[in-house]
Amino acid sequence: MAGPESHAAMLKAEFPSLVQIEGGGGGFSRFLVQKESLPAVAQYLHHHQKWQSRLALLWAVDDRPMREGASLHYLFALDNVRQWVVLSIELEGDDRLFPSITPHIHAAQWYEREIRDMFGLIPVGHPDLRRLVRHEHWPKGTHPLQKGFPWNEVLGRQQGNYRFLHIEGEGVFEVPVGPIHAGIIEPGHFRFSVAGEPIMQLELRHFWKHRGVEKLFEQRTLTDAVPLAERISGDTTVGHSLAYCQAVETLIGLEVPRRGRFLRSLFLELERLHNHVGDVGAICNDTAYSLPHAHCGRLKEQVMQLNDRLTGSRFLRGVNRVGGVTVDLTPNQLTEIPKELDRLEQDFSELESIIAANSSLIDRLETTGVLTTRTARDHAVVGVVGRASGLDYDLRRDRPFAAYGELAVKVAMYHYGDVRARMRVRMDEIHESIRLVKQLCATMPTGPIAAEPRLNSRLPKTPKAGEWALSAVEGWRGEILYMVMAGENETIHRCKVRDPSFVNWPAIQWAVVGNIIPDFPLINKSFNLSYAGNDL
Amino acid sequence: MFRIIKKSLKTGVVTGRYPQSAAPHESIDPAAAEKAKPFRRSLVIREVDTGSCNACEMEMNALMNPVYDAERFGIRIAASPRHADALVVTGPVTINMERALKDVYKQTPDPKLVIALGDCAINCGMFKGSYAVTGPVDRHVPVDVRIPGCPPRPADILKVLTELCGKHDRH
Ligand code: SF4
């Protein structure tokens, strides 16, 4: 494996004008790039064979009042060498233009449109400049994340039309679905173009649930924003709050005690468990095989009741806080959990063999909704969906956080990229999660569960305004990223949240092509992405 | 086949295996109870998400699993608002969903009930005041029943719904 110097050295040799910047929490190297040379540097970094790099995050910051102007930051994950590189460009004063990298790096497409909507900065050369987050009825010139924009003034309305992509031709129909769907699921709009049965094109229209979360973060202080992070996507309560807490801990220099880290991992695995079990059942249900759905519903309920008994919340709300966790487990509970999970695993294994023995079910899942490795990589897809399409990364192994540095995580991997592969990744991860929880219970260290000082007292180190940190957590859906930038007096200047759904949603548009509309719910369920986490 | 039967026998009946609701008993507003009269023994619900964090939806979904099995009280979920007796609304109403909520309300045949589920739907919760949130559900459509909690447990939801159906969740 190459050392961290090597990619920095290579970059500097290739582009002598780069300026390496020290600092920035979260373990990455950072370069300041001239605006004009950004596309070249980004392409070099992204396309170089040696690194297998992907664009993991792209965010903008309105730097006022610290500096007149905005800045953009590109996080590349070099998966082969397990390094992160951040490229930053700074726009001066009223400059609102930045070069688009989308023509060469496809994964940037939604990020750049999002930045245009939220900051009013324009990605020059972007092939698709329609609105993304801002629906057509938002008034012109409203860019909520600009510093001057009042957070609490409800937007007005204007008339406007969204231009969907059309396929024209004889026998081509458009089928609009949503925003309100048939089941108990979240709102989103899907527009299919079909000729006969097969889908020719799917276009997503999301962001119905946009609640202005990133702006709400800016109204809070570093230590009291955890409840908000928990409510970004309710099913990923632990994942989001953990990612947020870690970023803040890096920023304020707080070391989480070992027991706290173990408990965090334990809760994260419990969350993975109940969601995956539910998903396996739901996938079966979408092929009209409701028996496993009933069993999985029961098993999921069992885990959620366990959560409730352990922490007082079925979703593990309020478990994480900056510095550690709020809930300790008694020795009794630590012996009870493995026993309960053993029974659950036995139960689930029996169910698995029932599922595997149903050939009509398996036939429906195989070759349905194939996301090829190539497409997955182009979209920088993460998590369960990525692992089912042959993208071998899992932060628990690659960038260990919480207690994962002391655990050997076996990563589930499949290559077919169809619904079945995604179901099998989940099944494997269920067994792995149970194993991890048991191991965590068995090796639980003694000691405090959270770092002092307690909340609301003085922090070990007050971050300077403009200091920021990154944090990454492998939630049950995949990689959750947080970038937290401090403002004056422990406030939050900017908090960028990236749920795995945001990168995986566009990929679904390609996975459905050639399938029939009745299979869409099944494919969608096998992705099971969050609307709330995507819309923010 | 044998495997499936064996599994079912081994599992037995799981319905009712949940802790009783501990939420303080708030009696339902008499006007709402009056309105709910036609729906005794059969209440068909349409769930509308207007910007929730999806935990409230998950708990609604949990109502339909074998453990809570709301259908035993005659509570069912409809796929279309036109088939619904009651709307269950979750989440603060975002600007983008405001129209959709009003449309759904119009599409639902009278008489109808509106149930606001979760703190967000009742008072916008954490998202109060945001530029993208146009206020709690009752700013846009009249609300008959409120079920507080973040999220309320399925047992709490079931308690209120069964009461509306004129039954009691006893197991
Ligand atoms: S009330 Fe709580 S659980 Fe329900 S949608 Fe709002 S934040 Fe989520």
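A: Before we start, here's how elements get their names: helices (H or I, at least four residues) and strands (E, at least two) are DSSP runs, numbered from the N terminus. The model is predicted, so to speak of local features pLDDT must be at least 70, side-chain atom pairs count only at pLDDT 80 or more, and totals for chains, interfaces and linings use all residues. Residues are numbered from 1 along each chain as its sequence is written, chains are lettered from A and ligands numbered from 1 in the order in which they are written, and side-chain values use heavy atoms, leaving out hydrogens and water.

Q: Okay, let's try a single residue. Where is Gln52(A) found?

A: Gln52(A) lies in the loop between α2 (38-47) and β3 of chain A. Take a look at its backbone: phi is near 55°, which is a positive value in a residue other than glycine.

Q: And the peptide bonds? Which residue does a cis peptide bond join to Pro65(A)?

A: That's Arg64(A), and omega there is about 5°. Pro65(A) belongs to the loop between β3 and β4 (70-78) of chain A. Chain B has a cis bond to look at too: it joins Asp110(B) and Pro111(B), with omega about -10°. You'll find Pro111(B) in the loop between α4 (98-107) and β4 (113-117) of chain B.

Q: Now helices. At what angle do α9(A) and α14(A) pack?

A: First, the ruler: axes are lines fitted to C-alpha atoms, for helices over the stretch in contact, and angles run from 0 to 180 degrees between N-to-C directions. Here α9(A) and α14(A) pack at about 160°, with their axes 9 Å apart. Angles under 35 degrees count as roughly parallel, over 145 as roughly antiparallel, 65 to 115 as roughly perpendicular and the rest as oblique, so α9(A) and α14(A) are roughly antiparallel to each other.

Q: What kind of crossing is it, left-handed or right-handed, when α9(A) passes α14(A)?

A: Left-handed. The rule is that the near helix is turned anticlockwise from the far one by less than a right angle, while clockwise would be right-handed. Among the residues that meet (contact means heavy atoms within 4.5 Å) are Leu341(A) and Phe348(A) in α9(A) and Met427(A) and Ile434(A) in α14(A). By class, this contact has 13 nonpolar, two polar and four charged residues. For the classes, Ala, Val, Leu, Ile, Met, Phe, Trp, Tyr, Cys and Pro count as nonpolar, Asp, Glu, Lys and Arg as charged, and the others, Gly among them, as polar.

Q: What about α14(A) and α16(A): at what angle do they pack?

A: Helix α14 (residues 419-442) and helix α16 (residues 520-527), both of chain A, pack at about 30°, and their axes are 9 Å apart. They are therefore roughly parallel to each other, and their crossing is left-handed. Val419(A), Arg422(A) and Arg426(A) of α14(A) make the contact with Leu522(A), Ile523(A), Ser526(A) and Phe527(A) of α16(A). Those residues divide into four nonpolar, one polar and two charged.

Q: How many salt bridges does the structure hold over all chains?

A: The idea is that side chains of opposite charge can pair when their charged atoms come close. The cut-off is a side-chain nitrogen of Lys or Arg within 4 Å of a carboxyl oxygen of Asp or Glu, and the count over all chains is 53. One of them pairs Glu479(A) with Arg54(A), the closest N and O atoms being 2.8 Å apart. That pair links distant parts of the chain: Glu479(A) is in strand β14 (residues 479-486), Arg54(A) is in strand β3 (residues 53-62), and they are 425 residues apart.

Q: Let's finish between the chains. How many residues does the contact take from each chain?

A: It takes 53 from chain B and 66 from chain A. The area buried there (accessible area, 1.4 Å probe, that two parts lose on being put together, summed over both) is about 4,600 Å², and carbon and sulfur atoms give 60% of it. Lys7(B), Asn96(B) and Tyr131(B) supply 19% of the area chain B buries against chain A, more than any other three residues. Six salt bridges are found across this interface; Glu350(A) forms a salt bridge with Lys10(B), with the closest N and O atoms 2.4 Å apart.
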